[in-house]
Amino acid sequence: MSDSPELVLATANPDKAREIAEILGYAVRLLPRPDALGEVDETGETLEDNARLKAVAVVGFAGAPAVADDTGLEVDALGGAPGVRSARYAGPGATYADNVRALLRALEGVPAGERTARFRTVALARWPDGREVLAAGSVEGAIAERARGERGFGYDPVFVPAEGDGRTFAEMAPADKHRLSHRARALADLAVRLAAGGDDRRATGPR
Ligand code: IMP
C-alpha cells in the first residue's frame, strides 16, 4: 500500500520488533529504530505511560512519527502482578528465564483453576506535533505448572491461551500465536484506527 503510514519502530527488543513486523505486514511501513538512541527507562505507572515514553523518545530523536507498544502479564492469583513491571519481575537485569522461574515459584501450590492470567498490550502511534492513535489488545489464559516449548519469548513458555488447544505460546508456530495474541490484537486495532483516522489522529482510547 503506497499510502500506508511510515512509522519508526520504537521498540529496542528484537523479539518484539520481529513480531510487530510480522503482524503489521504492509499496513504500516516500518523504519528501524535509530541505533544511536539508547534504551528508554520505562518508569511509567501504566502500559500507556510506558508506550508513550518510548514513542516520545523516538519521535524526538528521529523527528518522525513512531509506533511503540508496551505489554504486561497480569496474573489474578498475584493481584495483577507482574503487570507493568513484567520485564523486571525477577529484579533489575532479569532474563526471560529468571522471570519465568520467579513466576512459577510465586505460583507454587496454586491449583490449575486459579492460575488465570492475561497479556495486555497498548500500542501507540505518535507524530511530531503530538497527535496520537492509541489501541489495545489482550488475551485471556492461564499460567502452566512448568515451562513448555522453545518458540516465542518472555513468558510464552508458561502462558496457555484460553482460546487455544492447551499448548503454550512457546509451543506454537508464530502464525498460531499471532492469531490469538495480545500484540496482534492491539496492532490490528491500531491499523484499523490508522486507516480510519485521516488527519484527526487523537486517540479514542484503548478498550
Ligand atoms: P515490554 O515492556 O512491552 O517490553 O514487555 C515487558 C515484558 O513482558 C517483556 O520483557 C517480556 O518478558 C514480556 N512480554 C512482552 N510481550 C510478550 C509476549 O508476547 N510473550 C511473552 N512475554 C512477553
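A polar contact is taken here as a pair of N or O atoms within 3.5 Å, and in this predicted model the side chain of Lys177 meets that criterion, because one of its N or O atoms is 2.8 Å from an oxygen atom of the ligand. Two acidic side chains approach the ligand in a comparable manner: a polar side-chain atom of Asp70 lies 2.8 Å from an oxygen atom of the ligand, whereas a polar side-chain atom of Asp156 lies 2.6 Å from a nitrogen atom of the ligand. Of the 480 Å² of accessible area that the ligand has on its own, 95% is covered by the protein.

The shell around the ligand comprises 15 residues, of which Lys16, Asp70, Asp156, Lys177 and Arg183 come nearest. When these shell residues are sorted by class, five are nonpolar, four are polar and six are charged. With regard to secondary structure, β3 and α5 each supply at least two residues of this shell.

The space that the ligand takes is the largest pocket of the model, for which a volume of about 810 Å³ was computed. Its lining is made up of 32 residues, and those that lie nearest the centre of the pocket are Asn13, Lys16, Glu42, Ala87 and Tyr96; Lys16 is thus named both here and among the residues that come nearest to the ligand. Strand β3 (66-75) and the helices α3 (96-106) and α5 (182-197) each contribute at least two residues to the lining, and the largest share, three residues, comes from β3. By class, the lining of the largest pocket holds eleven nonpolar, ten polar and eleven charged residues.

A further feature concerns the backbone. Whereas most peptide bonds are trans, the bond that joins Ala81 and Pro82 is cis, with an omega of about -5°. Pro82 has its place in strand β4, which spans residues 82-83.

Key: Residues are numbered from 1 along each chain as its sequence is written. This is a predicted model: local features need pLDDT of at least 70, side-chain atom pairs count only at pLDDT 80 or more; totals for chains, interfaces and linings use all residues. Side-chain values use heavy atoms; hydrogens and water are left out. On a 1 Å grid over the protein atoms alone, a cavity is a set of points where a 1.4 Å probe fits but cannot get out, and a pocket is an open set with protein on both sides within 12 Å along at least five of seven lines; lining residues have an atom within 4 Å of a point. Grid points are joined across faces, edges and corners, and a volume is the space filled by probe spheres set on the points. Helices (H or I, at least four residues) and strands (E, at least two) are DSSP runs, numbered from the N terminus. Ala, Val, Leu, Ile, Met, Phe, Trp, Tyr, Cys and Pro count as nonpolar, Asp, Glu, Lys and Arg as charged, and the others, Gly among them, as polar. A residue is near a molecule or strand if one of its heavy atoms lies within 4 Å of it. A polar contact is a pair of N or O atoms within 3.5 Å; within protein, one must be able to donate a hydrogen and the other to accept it, and residues adjacent in sequence count only if both atoms are side-chain atoms. Accessible areas come from the Shrake-Rupley method with a 1.4 Å probe; for residues, only the protein chains shown count as cover. A molecule sits in a cavity or pocket if more than half of its atoms lie within 2 Å of its grid points.
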